[in-house]
Every structure is written in C-alpha cells, then in structure tokens.
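Hello,

Here is the model you asked to see. Please open it next to the sequence, and then read the notes below.

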Amino acid sequence: MLELDVRSRRGGFALEAGFHAPAGSTTVIVGESGAGKTTLLRLAAGLDQPDRGRIVLDGVVYAAPEAGIAVPPWRRDVGYVPQDYALFPHLTVEQNVAFGLRAQRARRRTVAPRVTEALRRAGIADLGRRRPSMLSGGQQQRAALARALVLDPRLLLLDEPLAALDLQTRRLVRGELRDLLRALGCVTLYVTHSPLEALLFGDRIVVIESGRVSQTGTRDDLLRYPRSRYVAELMGTNLFAGSVGAERAAATVRTGDGDLAVSDPGAPGDVFLTVDPRDITIHAHAPEGSAQNVFAGPIVEMAPEPPSGERVRVVLGTRPALVAEVTREAVAGLGLREGMTVHASFKATGIRTYR
Amino acid sequence: MGGGLRLLLVLAAAGLFLLLGLPLAAVVSRVPPSELLARLGDPMLLEALRLSLLTSAAATALVVALGLPVAYLLATRSFPGKRLVEVLIDLPMVLPPTVAGFALLLAFGRHGLAGRTLALLGVSVPFTTLAVVLAQAFIAAPFFITATRAGLSGIEPRYLDAAATLRASPGHALRRVMLPLALPSMLAGAGMTWARALGEFGATITFAGNLPGVTQTMPLAVYLALQHDVDAAVAMSVLLLALSVGVLLSIRLAPSWLGALDRARAGRP
C-alpha cells in the first residue's frame with residue numbers, strides 16, 4: 001500500500017495532497033492540466049522531494065522531510081513511465097529494457113531471459129533489436145512499460161500513458177493496458193485528464209484541483225456523490241450546492257442560483273444535490289404537469305453522447321445551469337438547435353440529496 | 001532579394017574567400033607535388049612530425065582526463081564562483097600564446113611558484129617534451145571543455161529522470177546515459193583540441209624552447225626552416241594543412257558516419 005501525505009511548494013505552485021492507494025489495484029489521479037498531477041508522480045518517484053509530509057510504500061518510508069528522510073529515486077522500488085516515454089535514443093529496445101537490471105547489477109545470466117519475457121508480455125517480442133526512433137507511438141509506449149515492469153516494482157507510476165498516441169492506437173492499447181494492469185500485484189498510480197480513462201482504469205479515483213485533492217473514492221462514489229463542480233462535470237452529471245432552511249414544510253433547497261423543489265431535503269444545513277441528465281425533460285413550450293422544477297433558458301451547446309451515440313447532451317443556459325441528455329428522436333421532434341429558448345423540467349423526486 | 005543586398009553578400013563572400021583561401025593556395029602551389037613527396041622523407045621533418053603527433057596526442061589525453069570532470073561539474077552543478085571558473089577556462093582562447101608560455105615559465109620555471117618545489121625533487125619542466133605537452137594543453141583545453149560542457153548540458157532532463165527511476169545511481173547514469181549521449185560533442189571537442197595543440201607555436205617556443213627532437217614540433221620547425229630552406233618549410237606547411245583539414249572534415253562528417261554505423265548495427269539500411 002502507498003500512503004502519501006505531502007506538501008510541496010515550487011515557484012508559485014503549491015501542492016497539498018493526501019491519499020492511500022492499495023496494492024493490486026489502480027488509483028487514477030485525475031485533474032486538469034496544471035492541477036499538480038505530474039508533480040505528485042515526481043514526488044512519489046523521488047525525482048522531487050516534498051517540503052513536508054510522508055511517503056510510505058509497504059511500510060518503507062521513502063520521504064519524511066521532518067525526519068530528514070529523502071530516499072533518492074534509484075533506491076526506490078518504483079517503475080515510472082513518463083508521458084513522452086523517454087526511451088534512451090542511443091540504446092536498442094532490448095538494451096532499454098535491460099537498463100534497470102544492469103543498473104541494479106542483476107546477474108548477467110538472468111538479464112536476457114527477463115528482458116525477453118518482459119518484451120513478450122508487452123507484445124513487442126520481435127522489436128528488441130530496434131532503436132526507439134524506429135518504433136511507432138504505440139510500440140514506444142509498450143517498450144517504456146516493459147522497461148519499467150521488468151524490475152517488478154512495488155509501485156508503478158503512469159503519467160498520461162495514452163496521451164501521446166493517436167486515437168486509433170489509443171483505443172487498441174487501452175484495452176490491453178487495462179488487462180495488463182489488472183494482472184499486476186503492485187500499487188499503480190495512473191495520471192490522466194480524461195474522464196473516460198479515469199472511469200475505465202480507476203479502481204479508486206483521486207480528483208485533484210489546483211494543487212488540492214477535492215475528492216477521493218470509487219467510481220460509483222464519484223458518479224453518485226460528486227462534491228465539486230469539476231467532479232460533476234467529469235462524471236457528466238448536474239451538481240448543486242445548497243442549504244435547507246429551518247421551515248422544512250417548504251421542501252425547497254436554496255442554491256446560489258435559485259430554489260429547487262426537493263421531495264425530502266432532510267434536516268436544515270448545507271447539502272449537495274444531483275440530478276441525472278437523463279431525468280431532465282426538455283419542452284419547446286412551458287410544460288403543464290406534475291414536475292415541480294421548471295426552468296427556461298437558451299440551449300448553449302449540443303453534443304452527441306457518446307461521440308458516436310444515440311443520445312445528445314444538451315447544455316442549457318438556465319439558472320441554475322443544467323445539462324440534459326435526450327434521444328436523437330427528441331432533438332429532431334422538438335427541432336432543438338443551439339440558441340433556441342426551451343423549458344427544462346424534472347421532478348422533485350428526481351433529485352438526490354446528500355451531505 | 002534586392003540587387004544591392006545580393007551584391008554586398010557576393011562581395012563579402014569573395015573578400016573572405018580571398019583572405020582565407022589565397023594564402024593556402026599560395027602554400028600548396030609553391031612547390032610541385034613530386035618535390036613535396038621527396039621532401040616528406042626529410043629527417044628534420046620526420047623528427048618534428050613524430051614529436052608533434054606524440055605531444056599533441058598526450059596534450060589531448062591530458063585535457064580529456066582533467067577537462068571531463070570539470071565539464072561535468074559545470075554542466076550539472078551550480079556553485080559560487082562558477083562564472084569566474086568559466087572565464088578562467090575560456091581565457092587561453094584569447095590570451096596571446098607568448099603570454100601563456102611566459103606564465104607557464106613563471107609557474108614551472110626553475111625559480112617559479114611550483115618550479116622551486118619540483119627542483120627540490122630533481123624535476124625540471126622547462127625546455128623538455130613535457131613542457132611542450134603542458135603548453136599545448138594550456139592553450140587547447142578550452143575547446144574540449146566548452147564542447148563537452150555544452151554536450152552534457154544539452155541532454156534532456158527526461159532521460160536522466162528515466163535513468164534515476166531505473167535504479168541508476170548518478171555514476172551509472174553518467175557512464176550509461178550522459179557520456180554516450182554527449183559523445184559526438186566530446187569527439188568534436190577533442191578533435192578541435194588536438195588540432196589546436198598540433199598547431200601550437202607561441203607558448204611552446206616561450207616555455208619549451210626550440211630543441212630538435214625534444215621540443216621542436218612542426219610549427220617550430222616550419223619557422224626555423226623559413227630562415228634557410230623555404231621549400232622544406234612549404235612541405236611541412238602543406239602537411240600541417242592537410243592534417244588540419246583532415247581533422248575538421250572528420251568532425252563535420254563524424255555525426256553522419258556514426259549515424260550510418262548505428263543504423264547498420266540496428267539492422268536497417
């Protein structure tokens with residue numbers, strides 16, 4: 001298990017992060033570029049040292065600045081695959097993969113079979129004699145992974161492993177990488193800015209926003225209980241922060257952008273509310289019916305979901321702002337287009353409330 | 001391109017070509033090739049050539065041995081007084097060689113700073129072959145150190161990060177990543193240092209004198225021959241010229257040769 005609780009300040013950027021990552025599973029660190037994801041990986045690898053805090057892997061303290069402990073990267077049991085792979089250009093793929101074994105003075109006889117096995121597992125058994133410059137992006141990614149995994153690290157760090165690949169290769173490698181990571185027994189930290197990869201790879205997900213962890217949890221935790229606007233957007237759902245007043249009979253929750261009718265808001269205090277985009281109905285005219293929450297506003301953006309899909313995500317400029325998901329048929333039937341003013345409705349029972 | 005600018009460029013290029021090329025052409029065309037070949041057997045020339053090759057190789061080896069660690073330090077560390085060290089290292093490039101030779105004499109001469117200590121040990125440096133090597137190394141060191149330092153600093157940090165996470169201690173990373181990646185720069189720098197050492201005159205004659213067989217290198221022999229046998233001076237000049245052109249050409253062509261060799265080894269045309 002990796003226990004990480006660090007503070008680091010470098011230039012104008014401050015990072016403060018704490019989480020645990022269990023062995024045998026993948027923890028995805030997701031956030032926008034500049035949020036501090038790569039900094040976090042560099043701290044775990046030992047390429048940078050934190051100002052305060054602790055990094056402990058399977059009981060071994062790697063960094064504890066207050067106790068004067070700062071284990072250098074080459075003494076850590078870590079495999080690191082940087083975003084651009086950084087394969088050594090003067091070595092063949094084989095020599096790249098053998099590099100770590102040679103550096104830790106593995107017995108000469110054992111190096112060759114281990115390298116062969118690592119290349120085979122990465123699916124590039126026949127490319128060992130090539131130089132990195134003669135490999136495609138996907139092959140380079142596999143070579144970099146083989147180079148890290150041949151050392152059987154207790155902690156594997158992947159920095160945007162698919163970002164450098166073109167779309168088609170990415171789709172291909174994604175599935176393979178998932179199978180490969182599932183078979184590993186080590187702690188894996190997987191950094192990405194892609195919600196899809198976060199959901200696909202993350203047994204646990206750590207969301208990081210401007211240098212701070214904003215939420216940690218399983219896929220379902222984040223889908224069901226997002227706790228920040230960014231997480232809600234990442235998960236593609238509607239999130240409101242509001243407060244329940246003292247007079248419960250009203251059954252309304254006051255948010256910064258207006259009131260929502262909620263069937264059971266619970267005790268007075270601050271709450272989060274989510275509405276599934278598929279529970280929101282769009283009307284061309286003001287609806288008459290049982291829905292208690294009706295908002296009018298323009299369509300800001302329409303995008304198919306998934307990109308090849310049967311459904312369409314409609315971003316609405318209502319107050320509060322909403323995202324609805326409707327079928328293609330509904331779009332055609334209502335003649336929906338960007339800029340058009342519509343009404344959106346959802347039932348009070350469609351709102352989930354949590355604290 | 002405007003007509004005026006074109007004319008200016010052509011004139012400048014022609015002027016520079018005359019300045020650099022005409023003297024060389026004059027040397028090469030002075031004596032017919034058959035006469036040149038005959039002159040190459042001249043014992044004085046052979047003696048000077050042997051000494052020149054020996055001392056310049058030794059000076060280059062000395063510069064590489066002492067300069068590589070310094071280049072590594074300059075490329076990877078920052079420390080107080082770094083600028084001053086850099087200036088000191090570049091100084092021999094602009095210092096008049098006679099001043100350099102004189103300075104060496106004051107340091108290692110019989111009554112010099114280090115010379116007195118050395119004299120107690122029964123060692124006398126001036127006017128020996130060792131003095132030639134020291135004079136050449138002093139003058140030619142900046143070329144290797146500057147090129148190597150640039151080569152080492154030019155290595156992308158991501159490769160060093162990758163090496164560190166692959167269990168490579170700084171020493172291992174230096175041997176297996178930094179030096180191989182900086183090798184082309186180091187070879188070019190060593191080539192320049194060797195060529196400069198080969199042509200060294202002022203510091204050598206000041207510090208080491210002009211003793212045939214001991215300190216009389218090719219440039220010194222050329223100067224001496226000019227006094228009594230111009231054709232011998234021409235033969236030696238042409239030989240030095242050919243060596244210099246050879247070194248410079250090798251430095252220019254080495255990267256593409258290395259690349260071709262590399263591709264051949266990796267099994268691709």
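A residue is called buried when its relative accessible area is under 20%, exposed when that area is over 50%, and partly exposed in between (1.4 Å probe, protein chains only). Buried residues make up 49% of the 355 residues in chain A. In chain B the buried share is 34% of 269 residues.

First, some ground rules. This is a predicted model, in which local features need pLDDT of at least 70 and side-chain atom pairs count only at pLDDT 80 or more, while totals for chains, interfaces and linings use all residues. Residues are numbered from 1 along each chain as its sequence is written, chains are lettered from A and ligands numbered from 1 in the order in which they are written, and side-chain values use heavy atoms, with hydrogens and water left out.

On confidence: the predictor assigns the complex an ipTM of 0.83 and a pTM of 0.82. For chain B the mean pLDDT (the predictor's confidence in each residue, from 0 to 100) is 90. In that chain, 96% of the residues score at least 70. Where pLDDT is low, predicted coordinates should not be read in detail.

Chain A

Chain A has nine helices and 21 strands. Both kinds of element are DSSP runs, numbered from the N terminus: helices are H or I with at least four residues, strands are E with at least two. The C-alpha atoms fill a box of roughly 80 × 50 × 35 Å along the principal axes. Contact here means heavy atoms within 4.5 Å. Of the contacts in chain A with a separation of 6 or more, 64% join residues 24 or more positions apart.

The exposed area of chain A is about 16,600 Å², and carbon and sulfur atoms supply 48% of it. Accessible areas come from the Shrake-Rupley method with a 1.4 Å probe; for residues, only the protein chains shown count as cover. Chain A carries 45 positive and 39 negative side chains, with the centres of the two sets 8 Å apart. Lys and Arg count as positive, Asp and Glu as negative; His and the chain ends are not counted. Each charge is placed at NZ of Lys, CZ of Arg, CG of Asp or CD of Glu.

Now the interior. A nonpolar core is a set of buried Ala, Val, Leu, Ile, Met, Phe, Trp, Tyr and Cys residues joined through side-chain atoms within 4.5 Å. The largest one has 75 residues. Val30(A), Phe88(A), Leu181(A) and Tyr190(A) are among those with the most contacts inside it. Another core, of 30 residues, lies apart from it and includes Leu2(A), Val6(A), Ile55(A) and Tyr80(A).

What does Leu181(A) touch, leaving out residues up to four places away in sequence? Its partners are Thr26(A), Leu156(A), Leu158(A), Thr188(A), Tyr190(A) and Phe201(A). Thr26(A) sits in strand E3 (residues 26-30). Thr26(A) is buried, at 4% relative accessible area. With the same four-place exclusion, Thr26(A) touches residues including Gly202(A), Asp203(A) and Arg204(A).

Chain B

Chain B has 12 helices and zero strands. Its C-alpha atoms fill a box of roughly 65 × 65 × 45 Å along the principal axes. Of its contacts with a separation of 6 or more, 74% join residues 24 or more positions apart. About 14,500 Å² of chain B is exposed, with 73% of that supplied by carbon and sulfur atoms. The mean positions of its 19 positive and 11 negative charges are 12 Å apart.

Leu24(B) belongs to helix H1 (residues 3-30). At 40% relative accessibility, Leu24(B) is partly exposed.

Backbone points to check

Most residues other than glycine have a negative phi, and most peptide bonds are trans. Three places depart from that:

- The peptide bond from Arg319(A) to Pro320(A) is cis, with omega near -5°. Pro320(A) is in the loop between strands E18 (311-316) and E19 (322-327).
- Ser210(A) has a positive phi of about 35°. It lies in the loop between strands E10 (204-209) and E11 (212-218), and is exposed at 62%.
- Arg167(B) has a positive phi of about 70°. It lies in the loop between helices H8 (157-165) and H9 (170-198), and is buried at 9%.

Best wishes
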